[in-house]
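Reader: Got a minute to go through this model with me? I'd like to start with the empty space inside.
Author: Sure, let's bring it up.

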Amino acid sequence: MLDWSIKLFRVCGIRLELHFTFFLLPFAIGIHGYQEAGPAGFLWGIFLISFAFTSVVMHELGHSLAARKFDISADRILLLPIGGIAQFQSLPRTPSQEIIITLAGPFVNFVIAGLFYPVFGIRLSQSLPLDFKDLMATMVFFNLLMGSFNMIPVFPMDGGRILRSVLSFWIRPLKATAIASRSGTFIASASGIYIALSTTNYLLAALFLFIAWASRMEYQSFSRSQAFSGLRLRDFVDADYLSIPTKGKLSDAVKALANSPPQDVLLIENQAVMGLLKYSKLAKACEKYALDSPAEKFAKFPVATLNIDSPVESAFAISGADDQDVIPVYDYATLLGVVRKDQMIERANWINKRNSISTFCPEL
């Protein structure tokens, strides 16, 4: 879902992208503005969203530029209807680094508000601004609200990340993340349900419910990163895979699968993986088409591959972006096998258990 985005341009070397759902917000605000003040209201509504998301980008740049001070690079800033997400290549190495990086975002919002307040004042009206002065006064309020709202101790918002960082001074980061995630999920879910039942502000209720969902997803992502820390693909390669020639037919894939568990099938030519025939697509193709049909007609091209010494997370990045759950693994030009996304987390847990046994019981 987070990969359904449109690439825009780079800001300070960081790729800025719009999630496809982003366009729902300016459309909704524009329609609201049109109903309130006609075509002029529509235009000022679009201006308001544009200025608001400029502040969102500045907030995320605050995080990203602070992270650079600790040699942590940001890949992209993704804009969604509910805000922005800065995605980093690695995690902060210490709790104090994370606190500094986290505080940098709200700090930018407070600086923006402080710079423009003496000139434009502050505007709290729920109606759309219809001139430039009101627009800027509204942006002062928006930045104060954004900076303050993000400090609520609900993970994965900035306040929740600070809570996780403070806890990490005394307990393991994974346990600290679990505590911050559970408390954040409870607070956000309870707030969303209360708002939905007691008011008509369903957009705010939906925002809190989204935060509750994001809290759970963030914990799963962090626990996966912890499980994969220090591991390479060589620990996960499975040499038992199915393949047929690139010019093979559906019947060849059927024969290969007849004595094997359900799995995707590689299309190989001269030891090079040319395509991938996904099991789900193959099953549907066999129902609708003749078995002597070319298999490549239903295959995915091209296929992303990785080197045996690549970090394990790189396999998840490929499978998430390319809808590819089976990744061929090479040692230079030699195909060694595949890694399968659905098995990697469980296998990583067992590898880490084995390594901990070896650490405390070297004789084993």
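Reader: So which residues line the largest cavity?
Author: F236, V339, R340, Q343, M344 and R347 line the largest cavity. On a 1 Å grid over the protein atoms alone, a cavity is a set of points where a 1.4 Å probe fits but cannot get out, and lining residues have an atom within 4 Å of a point. Bear in mind that this is a predicted model: local features need pLDDT of at least 70, side-chain atom pairs count only at pLDDT 80 or more, and totals for chains, interfaces and linings use all residues. Residues are numbered from 1 along each chain as its sequence is written, and side-chain values use heavy atoms, with hydrogens and water left out.

Reader: Which elements give two or more residues to that lining?
Author: β10 (334-340) and α10 (341-360). The largest share, three residues, is from α10. Helices (H or I, at least four residues) and strands (E, at least two) are DSSP runs, numbered from the N terminus.

Reader: And how much space lies in it?
Author: About 30 Å³, where a volume is the space filled by probe spheres set on the grid points, joined across faces, edges and corners.

Reader: OK, pockets. What lies nearest the centre of the second largest one?
Author: P262, Q263, R340, D342 and Q343, out of 15 lining residues. A pocket here is an open set with protein on both sides within 12 Å along at least five of seven lines. This one holds about 290 Å³ of space, and α10 gives the most to its lining, with three residues.

Reader: Switching to helices: how do α2 and α3 cross?
Author: The axes of α2 (residues 95-120) and α3 (residues 132-149) come within 8 Å and cross at roughly 150°. Axes are lines fitted to C-alpha atoms, for helices over the stretch in contact, with angles from 0 to 180 degrees between N-to-C directions. That makes α2 roughly antiparallel to α3 (angles over 145 degrees count as such).

Reader: Any odd backbone spots? Where are the cis peptide bonds?
Author: One joins F155 and P156, with omega about 15°, and P156 is in the loop between α3 and α4 (158-167). Another runs from F301 to P302, omega near -15°; P302 is in the loop between α8 (279-288) and β8 (306-307).

Reader: What about Q271, is its phi positive or negative?
Author: Positive, about 65°, although Q271 is not a glycine. Q271 is found in the loop between β6 (265-269) and β7 (272-277).

Methods:
Parallel < 35°, antiparallel > 145°, perpendicular 65-115°, else oblique.
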